[in-house]
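Hi,

Here is the structure I promised to pass on. My notes follow below it.

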Amino acid sequence: LRDLPPGSEAVGRELDALRRDAAQEAEDRARAALTPSRGPCAGRAPGFPRALLVGGGLQLLQQLVGINTVMYFSATILRMGGLGSDAAAIWGAAAVALTNVGGAAVGVRLVESSGRRPLVRRPLVLGSLAVVVAALALLAASFHLQQAGLAPKALAGGMTLTALVAYIAGFSPGMGTMPWTINSEIYAMQDRSLGTAVSSALNWTGNLAISMTFLTICEAITPAGAFVLYAAVGLVGFVFLYRML
């Protein structure tokens, strides 16, 4: 609230949103106390399973579209994609990292400006994911063109670098920041610690799986196939989030 101009209508809207959330949490706690339940959701708010599905799905999807493949292996990807030398690949990886820093700053600013308005955050997440899928498709195309001999190495290398930068520029402001922000807000108070713990565990599990399998997948189905696989996961995730957010 300190970031909002004194006396502005935004202050009133933010306070109203906080009051509604507090009232909803109190109602959820009362309903949970009156409604006997069994299993892992016993004593939880009625909306907890759906919130956990959305929050955990967001965190897992953040990793399964290959973000840490791009961050950990960016120089390797650029070299495989036809960028001329090791030095050029290192400078390209630096450009990807700098884009990530700038995108994260934009994401923080967007989170602050959107406040608690889901009508802003939903298109931000979906738009970010759409850019990620498009960049993965471009990455796959650049590798396919090079492997098929349909494009010279210089062109394929330029396409690979452009795709990586576009991927990070699209990912950082939305899919990079929003899963953590949304997970901090979608659970009722009594469910927040469990929901955050489970979703964070899913995030790191996805991180481990992607980083450990990328090179193996490239050997098995080629780099183009690996990026098509990540793009397919992104498309499935887009449909899931479109329906659930």
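Helices here are DSSP runs of H or I with at least four residues, numbered from the N terminus. By that count, Ser172 is found in helix H7 (residues 153-176).

Before the rest, the small print: this is a predicted model, where local features need pLDDT of at least 70, side-chain atom pairs count only at pLDDT 80 or more, and totals for chains, interfaces and linings use all residues. Residues are numbered from 1 along each chain as its sequence is written, and side-chain values use heavy atoms, with hydrogens and water left out.

Back to Ser172: it counts as buried (under 20% relative accessible area, 1.4 Å probe, protein chains only), at 3% relative accessibility. Its side chain makes a polar contact of 2.7 Å with the side chain of Asn100. For polar contacts I mean a pair of N or O atoms within 3.5 Å; within protein, one must be able to donate a hydrogen and the other to accept it, and residues adjacent in sequence count only if both atoms are side-chain atoms.

Asn183 sits in helix H8 (residues 178-183) and is buried too, with a relative accessible area of 2%. Its side chain reaches two backbone oxygens: that of Pro179 at 2.8 Å and that of Gly55 at 3.1 Å.

Gly55 is also among the buried residues of H2, along with Gly56, Gly57 and Gln59. The 17 residues of H2 (residues 48-64) should span 24 Å at 1.5 Å a residue (counting one less than the number of residues), and the end C-alpha atoms are 23 Å apart, which agrees. After H2 comes Gly66, with a positive phi near 90 degrees.

Cheers

Terms used. Helices (H or I, at least four residues) and strands (E, at least two) are DSSP runs, numbered from the N terminus. Buried means under 20% relative accessible area, exposed over 50%, partly exposed in between (1.4 Å probe, protein chains only).
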